[in-house]
Amino acid sequence: MVADTTTDTRAILRHLFNVAVAAAHPAHLLSRCLPPAPEGRIILLGAGKAAGSMIAAAETHYLDTLGLPKDRLAGLGVARQGYGCATRVVPVLEAGHPMPDQAGVDATARILDLARNAGPDDLVLALLSGGGSANWIAPAGALTLAEKQAITRAMLRSGAVIGEINCVRKHLSRIKGGRLTALARPARIVSLAISDVPRDEPSAIASGPTVPDPTTLADAKAIVAKYRIELPASASALLDNPAMETPKPGDPLFADAPFTIFAKPADSLAAAAAAAKAAGYEPVSLGADVEGEARDVAAAHAAMAKKLMAQGRRAAILSGGELTVTISGNGRGGPNQEYALALALALDGAKGISAVAGDTDGTDGGGGAASDPAGAFVDPATLARARAAGLDPSALLADNDSTGFFERLGDLLTPGPTLTNVNDLRAILIDPQAAA
């Protein structure tokens with residue numbers, strides 16, 4: 001029997017989040033996808049929040065399972081700050097995210113050298129995950145790091161979705177948009193990835209450094225115009241330069257360069273749905289590719305939850321994807337926390353409805369620290385407890401200060417770095433018995 005107290009409901013919500021994370025962890029999944037050892041070296045190049053855990057899993061496979069000597073492995077991983085982990089041969093460095101930094105520039109220079117020096121008997125194994133776009137940073141032309149940071153900051157604040165942001169990134173880079181594959185030839189290149197993007201589009205994961213790019217310079221310029229992003233002259237020159245066009249689908253450069261996604265948001269959502277069913281809730285899945293403004297999505301989900309409650313259904317509304325926040329205030333937060341605060345306001349204390357929204361990588365926006373929260377919990381008493389504490393939920397939402405709101409209530413979800421990333425998990429539990 002599943003208890004319907006607030007404490008037990010929160011434990012169920014936390015369990016659903018943990019199950020979703022475990023279903024996407026490289027330690028459980030990567031080894032079955034790793035290619036056979038080549039005649040030469042295996043050069044492991046890791047990018048993103050799972051770079052360290054993927055390299056560690058690959059080392060275990062090649063060194064322990066296959067018994068290769070350590071000198072057969074080379075490479076480098078670049079992970080978000082706080083997301084490194086212990087490895088035996090291939091070092092893992094940490095760099096800034098979501099804002100690129102000099103550590104990322106220096107590490108990416110080493111990645112480019114490793115690819116450039118790969119020989120025809122070598123295997124370049126690209127291990128890609130969310131966050132790789134910021135961690136592998138190699139500005140093209142005369143573009144400086146400071147200018148790239150300003151462009152990134154403006155796009156993150158604009159409300160642009162991740163695919164649009166990555167389109168611009170690809171056309172300002174020496175590594176993104178298939179350029180790593182061009183550099184690593186004649187070595188064989190195999191890519192293994194964790195998807196953190198809608199519809200699992202390979203060219204969007206870590207900005208597609210090893211795959212053809214379907215977007216164009218014209219697309220990038222249109223996105224810049226759409227969101228009124230002010231570009232420095234160095235960036236405008238790159239977008240006006242035909243030589244900066246990325247290699248496209250059908251280019252023979254990508255022959256025999258397989259790309260496999262071994263962990264997908266849909267897999268984690270399915271695992272959470274199975275766990276919700278086991279806990280006595282009817283899973284209602286909205287899919288793994290939900291996009292939109294966090295506040296608008298929250299309002300729609302609150303209306304759905306109330307409808308299910310009115311129908312007397314004990315259900316769990318589950319969704320993945322990545323929401324956006326158009327920033328107009330000065331507070332702290334991220335898409336999941338903003339969604340949770342907007343959801344609490346839309347539910348307005350409705351009995352029997354509780355929720356969690358969290359980023360499976362362990363951090364949700366914020367200041368870029370590994371200690372940032374992943375998201376937040378909502379329960380029927382959220383607004384009442386907030387007002388008793390002297391908080392104005394609507395004002396804090398207007399100031400984009402969802403972290404400040406949930407921090408005061410002790411309702412933040414803080415798992416720390418999970419070393420994987422399949423975007424967000426949102427779960428709303430509806431229990432008519434608890435509302436009676």
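This is a short talk on one sheet, the nonpolar cores, and the cavities and a pocket of one structure.

Good morning. One caution before we start: this is a predicted model.

Let's begin with the sheet. It is open and has six strands. Their order is β7-β8-β12-β9-β10-β11, and the pairing is mixed. Now look at the ends of that order. Which strands stand at the edges? They are β7, residues 282–285, and β11, residues 412–413. Each has a single partner strand, so one side of each is left without a neighbour in the sheet. As background, strands of a sheet pair through backbone hydrogen bonds, either parallel or antiparallel.

Next, go to strand β9, residues 353–359. In the order of the sheet, β9 sits between β12 and β10. Take the β12 side. β12 covers residues 424–430, and β9 pairs with β12 in the antiparallel sense over seven bridges. Find S354 on your screen. Opposite S354, in β12, stands L429.

Now the other partner. β10 covers residues 375–378. Four bridges join β10 to β9, and these two strands also run antiparallel. Here are two bridges to find. A355 has V378 as its bridge partner in β10. G358 has G375.

Is β9 buried or exposed? Seven of its seven residues are buried. Check both faces. On one side you have I353, A355, A357 and D359. On the other you have S354, V356 and G358. Both sides are covered.

That brings us to the cores. In soluble globular proteins, nonpolar side chains tend to be buried together. The largest nonpolar core here has 36 residues. Which of them have the most contacts inside it? They are Y339, L343, F405, F406, I428 and I430. Take L343 as an example. Leaving out residues up to four places away in sequence, L343 touches A298, H301, A302, A355 and I428. You have met A355 already: it is one of the buried residues of β9. There is also a second, separate core, with 31 residues. Among its members are M54, V90, L125 and A370.

On to the empty spaces. How many cavities of 30 Å³ or more are there? The count is four. The largest has a volume of about 50 Å³. Its lining is A20, P265, S268, L269, G320, T360, V422, N423, D424 and L425. By class, that is five nonpolar, four polar and one charged. Helix α11, residues 265–278, and strand β12 each supply at least two of these residues. α11 gives the most, with three.

The second largest cavity holds about 40 Å³ of space. Its lining includes A344, L347, I353 and V378. I353 belongs to the buried strand β9, and V378 is the β10 partner of A355. Two helices, α13 at 335–347 and α14 at 382–388, each supply at least two lining residues. The classes here are seven nonpolar, two polar and one charged.

Last, a pocket. The second largest pocket has about 190 Å³ of space. It is lined by 14 residues. Nearest its centre lie G163, P198, R199, E201 and A204. What classes make up this lining? Six residues are nonpolar, four are polar and four are charged.

To recap: β9 is buried on both faces, and β9 pairs with β12 and with β10. Thank you.

Notes: Residues numbered from 1 in each chain as written. Predicted model: local features only at pLDDT ≥ 70, side-chain atom pairs only at ≥ 80, totals over all residues. Heavy atoms only, no water. 1 Å grid on protein atoms, 1.4 Å probe; cavity = no way out; pocket = protein on both sides within 12 Å on 5 of 7 lines; lining within 4 Å. Points joined across faces, edges and corners; volume = space filled by probe spheres on them. Nonpolar A, V, L, I, M, F, W, Y, C, P; charged D, E, K, R; others polar. Core = buried A, V, L, I, M, F, W, Y, C linked by side-chain atoms within 4.5 Å. Buried < 20%, exposed > 50% of the residue type's maximum accessible area, 1.4 Å probe, protein only. Contact = heavy atoms within 4.5 Å. Pairing = 2+ DSSP bridges.
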